[in-house]
Structures are given as C-alpha cells and as structure tokens.
Amino acid sequence: MPFNTRITKLFGIQHPIVQGGMMWVGRAELVAAISNAGGLGILTALTQPSPDDLRREIERCRTMTDKPFGVNITILPSVNPPPYAEYRKAIIDSGVTIVETAGHRPEEHVDEFKSHGVTVLHKCTSVRHAQSAEKMGVDAISIDGFECAGHPGEDDVPGLVLIPAAADKIKIPMIASGGIGDARGLVAALALGADGINMGTRFCATQEAPIHSKIKQFIVDNDERDTNLIFRGFKNTGRVARNKVSQEVLNISQRPDALFEDIRPLVSGARGRAALESGDIDAGLVWAGQIQGLIHDIPTCKKLIERIITNAETIIEERLSSFLKPPNAS
Ligand SMILES: Cc1cc2nc3c(=O)[nH]c(=O)nc-3n(C[C@H](O)[C@H](O)[C@H](O)COP(=O)(O)O)c2cc1C
C-alpha cells in the first residue's frame, strides 16, 4: 500500500522519498534510478561544469526516465561564485518543473523559478530559515537536522527536535532530512510531523551512485561516529566522513591563527571528486553523515526504496499498532 502524503501529491511521485542534491554524485544515472523506483531524484546543477552541460545532463536524464525528477541549485558563499543566473536559466529553459534550492539568500532564485511555474523545495537547517522560505513563497521545505552530511548550519539541533519544531511552525509540505536511511527513519519522520524524507548518504551507497565502489564500501564500513565537523571556525560547518584529509583539516583549524587559506588546498572540490572517482578514501573530502552507522549494504535504488516502504508499513501495522492493543490481547 503506498504512502499518500502532501509530498507525493505535490511532486506526483509514488513514494515520499527524495534524494537531496549531491555534488559529484547527483548525476543522471542515480537520479533516474531513484525516480524510476518511485522516489524523486534530483540532479545537482553545479556538478556540471557549465550551464550548457547542465542542459545536456537534463536531456540525458530524460532518456533514462519518464518520471518526475528535479534539479538542485546550491548557493554557497564564494569568492568566485559560479554563474548562478545562467544555471537557473538552463533549468527553466529545459522545462524542469521541480527545483531544490539550498544555501544562502535564495530569494532571487525562488522569485524567478516561481514566476516560471517551477515547484520549489527549499532545504534549510533551522526553523527561522524555513519560516522565511515559506514567506518567500516556496512550495515545500526540506528541514535538515544536525546529523546530516553537508552543511548542517551552526545551531546544532538534531532532527528529533528540529523536525517537530519546524512542523509546529510550517504550514506548507515538509520533508525531514539528515540521519535517515531506513524504514524506521521514514516512520519516525512521519510521526514527527514531516510529509516525507530526504536522503543523501544512504543513496551514495547504492549500485547506481556514480562513485567508486571503494567509497561505497567505506560508507558501509563506517559507523555513526565516523564523521568530522569541519569549517566550524569559519561559520560554514560541514559534516564529512572521517579520513586523513578531514582529520588534517581539523588539526590545522585548531591553530589559533588558522586561516581558510591554510586548509583551502585540502578541501578543494577537485580533490573530493578525485576521491569519489578513484576510490582512494584519503584523496580528498568525502561528504557523508552519521547515518553511515545504519548503512550495511549497497542495494539498487529500487531495492532500497521498496525495502524502506515495505518495512515502514510493517512497523506501523505490527510494531506500532501492537502498542495500542490491551494487555493479553492476541
Ligand atoms: C556526497 C554528498 C554531497 C552533497 N552535496 C550537496 C550539495 O551540493 N548541495 C546540497 O544542497 N546538499 C548537498 N548534500 C546534502 C544532501 O543533499 C542532504 O541534505 C544530506 O545528505 C542529508 O543528510 P544524510 O546524508 O544524513 O541523508 C550532499 C550530501 C552528500 C552525502
């Protein structure tokens, strides 16, 4: 039996399961596999070297699925920002109908997407940012708890508090993100007031994720303690897998006079990409969250999504409903 929520309705998908944008990972192979399995796959715009490459990637994805998929655009502080307006135009011109925005000051992008009829899912890490995105006119919120891979913000509020706190304030549909990887996470998210889930790290350890099998195995071998929080002193916290590079970044950052310049060579996107593609786990930063502790296999996206849905039904129908039976009832 499918889960019908405001999110399945909004995006026209079968299951309330979304894959968040992931630099170097959110390519057509993974996105199409997730959408074909009934979830919502999301391409990562900035993984493509130019807006024209993004147009081609969107077309490539369309040859692999006829189901809905989206595109993520992440706005991070940068000395040399990418040509955001041109990426945005490529998304709109390509007829993409769902966009995930993330990062700083999304107003300009949200206004432009909305004026072209695009459904906007905004990912953020605090209730106040979710409220301002709702006021801005986005269609749905993805609320990302402290457990998450990527940028959890600076408030350090985990999902168990953040999701219901956001649900109390947000009226539009909302998905829970961060630290979710199985049926228990889905059921918990729904119980906490979300309409569905967003997963990142879990989708990296799937057959279709376009990264080296040694990185997938690294995620499987890691446990919930195997992350580092980097860039804390620069107020741009990032949660990554613990490896030699993230340890070195922490060591350098602990120096009282540490500057971003001191760690810049270690944290470059090119090095992170090299790690994902070569399988050398110490070649660069590998972005992954605490959910690594609950990832034990490398299934296809279809198998993963089917398993989450089937097990979630069982949890609700058997485990949870058993608590409502009177004592000694069979
Ligand atoms: C390898 C990787 C790369 C990511 N890159 C981005 C990104 O470019 N933009 C973004 O908004 N989020 C990015 N994220 C965060 C995910 O979209 C998602 O919010 C997060 O992974 C959820 O937490 P989880 O990993 O515990 O599921 C990335 C996550 C991973 C694992």
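Trainee: Which residues do ring pairs link into a cluster?

Mentor: Keep in mind that this is a predicted model. Ring pairs join F231, F234 and F260 into a cluster. Searching the whole structure turns up 2 aromatic pairs.

Trainee: How are the rings of F234 and F260 arranged, and how far apart are their centres?

Mentor: Planes over 60 degrees apart count as edge-to-face. For F234 and F260 the planes sit at 90 degrees, so this pair is edge-to-face, with the ring centres 5.4 Å apart.

Trainee: Which parts does that pair tie together?

Mentor: Look at where each partner sits. F234 is in the loop between strand 9 (227-230) and strand 10 (238-241), while F260 belongs to helix 12 (residues 260-263), so the pair ties together parts 26 residues apart in sequence.

Trainee: Is F234 buried or exposed?

Mentor: Neither label fits. Buried means under 20% relative accessible area and exposed means over 50%, with partly exposed in between. F234 comes out at 29%, so it counts as partly exposed. F260 has a relative accessible area of 28%, so partly exposed is the label there too.

Trainee: Now T201. Where is it found, and what does it touch?

Mentor: T201 is in helix 9, which covers residues 201-204. Its relative accessible area is 6%, so T201 is buried. Leaving out residues up to four places away in sequence, T201 touches A149, I219, A288, G289, I291, Q292 and I295.

Trainee: Let's zoom out. How many helices and strands does the protein chain have?

Mentor: You can pick out 14 helices and 10 strands in the protein chain. Of its 330 residues, 53% count as buried.

Trainee: Why does the radius of gyration agree with a compact globule?

Mentor: The idea is to compare the chain's value with what its length would suggest. For 330 residues, a compact globule would have a radius of gyration near 20 Å, and the protein chain has 19 Å, so the two agree. As for extents, the C-alpha trace spans about 65 × 45 × 35 Å along its principal axes.

Trainee: What about contacts between residues at least 24 apart?

Mentor: Take the contacts between residues at least 6 apart in sequence: in the protein chain, 63% of them join residues at least 24 apart.

Trainee: And the surface: what do carbon and sulfur atoms supply?

Mentor: The protein chain exposes about 14,800 Å², and carbon and sulfur atoms supply 53% of that.

Trainee: Last one: how many positive and negative side chains are there?

Mentor: The protein chain has 36 positive and 40 negative side chains. To read their distribution, compare the centres of the two sets, which here lie 1 Å apart.

Terms used
Residues numbered from 1 in each chain as written. Predicted model: local features only at pLDDT ≥ 70, side-chain atom pairs only at ≥ 80, totals over all residues. Heavy atoms only, no water. Helix = DSSP H or I, 4+ residues; strand = E, 2+ residues; numbered from the N terminus. Rg over C-alpha atoms; globule rule 2.2 N^0.38 Å. Buried < 20%, exposed > 50% of the residue type's maximum accessible area, 1.4 Å probe, protein only. Contact = heavy atoms within 4.5 Å. Areas by Shrake-Rupley, 256 points an atom, 1.4 Å probe, with all protein chains shown as cover. Lys, Arg positive; Asp, Glu negative; His and termini not counted. Charge placed at Lys NZ, Arg CZ, Asp CG, Glu CD. Phe/Tyr/Trp six-rings, centres within 6.5 Å; stacked < 30°, edge-to-face > 60°.
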